[in-house]
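Please look over the chain and its ligand shown here before reading the notes that accompany them.

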Amino acid sequence: MQNKKIRLFSLLLSITLLTLTFTACGQASSTPAAEEPTEQTQEEAKPISRPDDGRTVVGVSMPDRFLERWNIDGAFLKAQFENDGCDVVLRYANNLIDTQIKDIREMISQGADLLVVTAVDGTALSSVLEDARSQGIKILAYDRLIMETDAVDYYVSFDNYKVGVLQANFIIAELGLKTAETSQTIEFVTGDPVDNNARYFYNGAMDTLKPYLDSGILTVPSGQSGFFETATAQWSPDIAQQRLQIILNSYYPRGTRLDAVLCANDSTALGATRALAADYSEKNHVIVTGQDGDIANIYNILNGTQSMTVYKQLKQESIVTVSLGKAIISGEMPEEDLISESGWDFDCSYNTEDYNNGNKVVPSYLLRPIAITAVNIEKELFETGYYQRNSGGLIYATK
Ligand code: BGC
């Protein structure tokens with residue numbers, strides 16, 4: 001009863017304050033001074049105090065610091081929202097669902113107007129996000145779709161299905177599968193099944209390889225080609241490495257050739273290249289795919305141990321997110337017009353069909369990933385300035 005009163009009070013308070021909001025970042029808004037996070041659970045929480053101090057607060061909840069990209073995404077989002085006059089609460093969840101829920105609760109208690117969330121587990125956030133939504137907070141799914149909730153307003157990502165298509169097309173071209181007369185072999189190291197993207201990457205790759213798998217021109221000696229049996233929990237390089245080592249030791253006796261390993265991203269590709277170095281003794285060059293353009297993998301493409309990666313320019317993703325975020329904080333509901341009016345110098349498409357989260361089709365802004373190989377890496381990544389070498393030859397990402 002007491003809790004109900006508290007929630008009702010919070011709701012009334014948020015509604016009152018929301019009506020005061022007139023807002024994009026930097027303008028006056030209903031957003032209050034931050035409260036210190038408390039030890040209380042959400043059920044016990046006191047009504048959130050949201051004095052009108054003119055701040056606009058954006059909560060950015062990232063999955064982990066282990067992967068290079070989320071550090072870059074977090075930094076870009078923070079800098080750009082701050083540049084627009086917002087206060088940013090940035091948290092990393094250490095790949096733990098409970099930590100991410102706690103992070104989001106803390107953002108709500110600090111007066112967030114907007115949450116930008118990359119879910120550790122796409123299906124685990126319904127309850128906390130519905131709490132946020134009931135207080136008028138807007139919610140953007142960043143890179144990974146948030147599943148099974150009405151609370152998510154928009155989704156910003158790259159075309160995830162296309163990522164898998166690019167990886168598979170690279171393998172088809174490198175192995176000459178269109179004209180091959182003898183069969184070749186492949187193994188699959190796919191992503192974390194609780195990440196909704198993993199299924200899109202998998203489907204894009206599998207749909208593209210299917211004719212060759214069906215005809216037998218491409219075979220999988222381990223027999224493991226299903227989504228779950230090829231999955232890599234938490235996208236862990238170690239788990240990817242161990243699984244491929246077991247496969248190599250079990251299904252590739254001396255004289256058995258492995259032609260390609262389709263890895264869903266760069267962290268799994270790192271594991272795969274280590275497994276090949278440790279436990280594959282044939283002399284052929286094994287094709288290894290990836291995604292992200294992590295520095296270690298850029299070195300591996302240059303030294304030949306990884307064959308390609310799918311590069312996604314993270315700055316584009318944060319630029320779209322910040323424009324969209326500002327618009328929805330101001331009460332707008334952008335559609336395709338966000339793209340036509342933005343003047344961005346990169347491709348972005350508006351999609352209202354393909355990203356169904358189980359409760360609704362979430363309007364999505366999708367960017368274009370590109371395949372990077374030893375042949376185009378200089379032109380696409382270095383000449384564009386996305387990566388540079390310092391005087392000692394060390395490579396670092398710049399944009
Ligand atoms: C992202 C990838 C990333 C992977 C592992 C996916 O959701 O789209 O870029 O490599 O998560 O963190």
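The report below moves from the whole chain to the ligand site, and then to two helices.

## The chain as a whole

This is a predicted model, and its single chain of 399 residues has 55% of them counted as buried. The secondary structure comes to 12 helices and 15 strands, while the accessible surface of the chain is about 17200 Å², with 51% of that area belonging to carbon and sulfur atoms.

Contacts that reach far along the sequence are well represented: when contacts between residues at least 6 apart in sequence are considered, 70% of them join residues at least 24 apart.

## The ligand and its shell

The ligand is surrounded by 13 residues, and the closest of these are Asp 143, Arg 144, Asp 195, Asn 265 and Asp 292. By residue class, the shell divides into six charged, four nonpolar and three polar residues.

Three side chains place a polar atom at a short listed distance from an oxygen atom of the ligand: for Asp 195 the separation is 2.6 Å, for Arg 69 it is 2.9 Å, and for Trp 70 it is 3.0 Å. Taken alone, the ligand would expose 310 Å², and the protein buries 99% of that area. The elements that contribute two or more residues to the shell are α2, which spans 68-83, and α6, which spans 196-215.

## Helix α10

Helix α10 covers residues 314-329, and its 16 residues reach 22 Å from the first C-alpha to the last, close to the 22 Å expected at 1.5 Å a residue. Because 12 of these 16 residues are buried, α10 is largely enclosed by the rest of the structure.

The buried positions of α10 include nonpolar side chains such as Leu 314, Val 320, Val 322, Leu 324, Ala 327, Ile 328 and Ile 329, and among the other buried residues of this helix are Gln 316, Glu 317, Ser 318 and Thr 321. Just after α10, Gly 331 takes a positive phi of about 90°.

## Asn 300 in helix α9

Is Asn 300, a residue of helix α9 (residues 295-303), buried or exposed? Its relative accessible area is 13%, which lies under the 20% cut-off, and Asn 300 is therefore buried.

The side chain of Asn 300 makes a polar contact, at 3.4 Å, with the side chain of Asn 303. Leaving aside residues up to four places away in sequence, Asn 300 touches Leu 270, Thr 273, Thr 305 and Gln 306.

Definitions and conventions: Residues are numbered from 1 along each chain as its sequence is written. This is a predicted model: local features need pLDDT of at least 70, side-chain atom pairs count only at pLDDT 80 or more; totals for chains, interfaces and linings use all residues. Side-chain values use heavy atoms; hydrogens and water are left out. Helices (H or I, at least four residues) and strands (E, at least two) are DSSP runs, numbered from the N terminus. Buried means under 20% relative accessible area, exposed over 50%, partly exposed in between (1.4 Å probe, protein chains only). Contact means heavy atoms within 4.5 Å. Accessible areas come from the Shrake-Rupley method with a 1.4 Å probe; for residues, only the protein chains shown count as cover. A residue is near a molecule or strand if one of its heavy atoms lies within 4 Å of it. A polar contact is a pair of N or O atoms within 3.5 Å; within protein, one must be able to donate a hydrogen and the other to accept it, and residues adjacent in sequence count only if both atoms are side-chain atoms. The expected span of a helix is 1.5 Å times one less than its number of residues.
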